[in-house]
Amino acid sequence: MENFKSSGIHTKQAHVKVPEGHFEEEHGRDGFFGRVSHLYHQKPPVGWSNIEGDLKPRCQPPMYDNAAKNEFITILSNDDVVLNIGHYTESFKNFYRSADFDEMYFIHDGTGTIETVYGHLDYVKGDYIVIPRGTTYKLYLKTETKIFKVESRSEFEQPERGMLGPNALYDQTAIVVPTAAYGSEQDKKEYKVEIKRLGEITTVTYPYNPLCVSGWKGSVYPFKLSIYDFCPVMSHRYHMPPSAHTTFVCKNFVVCSFVERPLEDSSHGVLKVPFYHSNIDFDEVLFYHQGNFFSRDNIDAGALTFHPQGIHHGPHPKAFKNSESKTFTDEFAVMIDAKRPLIPSEWFMKNENKDYWKSWF
């Protein structure tokens, strides 16, 4: 730890035995992957009485209640990533291909199949489905489907496991790839493919199903991974930072999975709830999928929170008391940490809970 310094009251170990009457803040760089310091406040960093300006913590109540059906709605975006939601009650009308983005579908609810030029992938609740840019595919519903969709300018890569070894986080056998298969529709006179390029749609029509591939090989292909197969890194004596839950890495943003796990051992003085942090290099987005989100008050499944860089992040006041009797967390959530500032869409601003920042009072 080159140039490590300290002054005044501090702990021997971060997040453990925080001095009585103090609140620990982690001031970190590069999204918990970089250098870090810890500050010990006499008052909580989120104990504000008012906020004027764009850095207010923001929240979308359960979003699918307000979303138009059978289309994707952009909620937040920057030059690297676009976050969308989709509430589908019917299958795609046409085939689709993106020339702008690699795509990741997180299935919040529903069942069905994505037929791709590589073959078919059945999906259920909790599946991440990664679709490389340039892949032709079509979504077929079995039941009503709610999707959290992430579009990326770069590829979705697996994180480095380092000293954890190659089978940590999720084993390679947890990844499901499509088996080559023709498209199921074979009785139409024409098949349309909608291709998105620079945000505009070009429609190409074929007299046959374009999913007519007999086989494939290589290292570019769609795949799926269930959030329920993600294995969290844990320590009973140390609260792991969000970076320990990294599931996919893209250029200038990461995707993390928070899943059910035992909580830390409070008899050792370990902080159970997420620590206050000033993650100055990244905007933080949390999509709440399932469970009891005890670090946040009045948050339900299908909601989303957005904490821009520059404002402190951390648990609600009730979370500390609620954590005293809890021995495990049963929550499932998807986090997007983005290095460039995210811009809310008009839909986001129209539908957000504008009083969310007051929930720390």
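Two strands are taken to pair if DSSP finds at least two bridges between them. In the predicted model described here, strand 7 and strand 12 meet this criterion, being joined by 7 bridges in the antiparallel sense. Within this pair, Ile107 stands opposite Ile147 of strand 12. Strand 7 also pairs with strand 10 (residues 127-131), again antiparallel, through 4 bridges. Here the bridge partner of Glu103 is Ile131 in strand 10. Strand 7 itself, which spans residues 102-109, is mostly covered, with 7 of its 8 residues buried.

These pairings belong to an open sheet of 7 strands, arranged in the order 15-10-7-12-5-4-24 with antiparallel pairing. The edges of this sheet are occupied by strand 15 (223-226) and strand 24 (343-344); each has a single partner strand, so one side of each is left without a neighbour in the sheet. Further along the order, strand 4 (residues 72-77) and strand 5 (residues 81-88) are paired antiparallel over 5 bridges. Ser77 stands opposite Val82 of strand 5 in this pair. In a regular strand, side chains alternate between the two faces of the sheet.

A second open sheet contains 6 strands in the order 3-21-20-23-17-16, and its pairing is likewise antiparallel. Strand 3 (58-60) and strand 16 (246-250) lie at its edges, and because each has a single partner strand, one side of each is left without a neighbour in the sheet. From one strand to the next, the twist averages 15°. Strand 20 (residues 283-290) and strand 23 (residues 332-338) run antiparallel and are joined by 7 bridges. Leu286 is placed opposite Met335 of strand 23.

Strand 1 was examined through its two sets of bridges. With strand 2, strand 1 forms 6 bridges in the antiparallel sense, whereas its 2 bridges to strand 19 (residues 276-277) join strands that run parallel. Glu26, a residue of strand 1, takes part in both pairings: this residue stands opposite His38 in strand 2 and opposite His277 in strand 19. Its relative accessibility is 8%, and Glu26 therefore counts as buried, the cut-off being under 20% relative accessible area. The C-alpha atoms of Glu26 and Leu83 are separated by 27 Å, with these positions 57 residues apart along the chain as a sequence separation.

The loop between strand 1 (23-28) and strand 2 (36-41) contains Phe33. When residues up to four places away in sequence are not counted, Phe33 touches Ser243 and Thr246. Thr246 falls in the range of strand 16 (246-250), one of the edge strands of the 6-stranded sheet. Phe33 and Lys196 are 163 residues apart in sequence, and their C-alpha atoms are 34 Å apart in space.

Attention was then given to the open space in the model. Rolling a probe the size of a water molecule over the atoms shows where empty space is left. The second largest pocket holds about 400 Å³ of space. This pocket is lined by 19 residues, of which Glu71, Phe72, Tyr88, Phe92 and Glu194 are the closest to its centre. By class, the lining of the second largest pocket comprises 7 nonpolar, 5 polar and 7 charged residues. At least two lining residues are supplied by each of strand 4, strand 5, strand 6 (95-98), strand 12 (145-152) and strand 13 (191-197). Among these contributors, strand 12, strand 5 and strand 4 also appear in the order of the 7-stranded sheet.

Backbone geometry was considered at two residues other than glycine. Asn70 has a positive phi, near 65°, and is placed in the loop between strand 3 and strand 4. With a relative accessible area of 26%, Asn70 is partly exposed. Leu169 also has a positive phi, near 70°, and is located in the loop between strand 12 and strand 13. In contrast to the partly exposed Asn70, Leu169 is buried, with a relative accessible area of 7%.

Notes. Residues numbered from 1 in each chain as written. Predicted model: local features only at pLDDT ≥ 70, side-chain atom pairs only at ≥ 80, totals over all residues. Heavy atoms only, no water. Axes fitted to C-alpha atoms, helices over the stretch in contact; angles between N-to-C directions. Contact = heavy atoms within 4.5 Å. 1 Å grid on protein atoms, 1.4 Å probe; cavity = no way out; pocket = protein on both sides within 12 Å on 5 of 7 lines; lining within 4 Å. Points joined across faces, edges and corners; volume = space filled by probe spheres on them. Nonpolar A, V, L, I, M, F, W, Y, C, P; charged D, E, K, R; others polar. Buried < 20%, exposed > 50% of the residue type's maximum accessible area, 1.4 Å probe, protein only.
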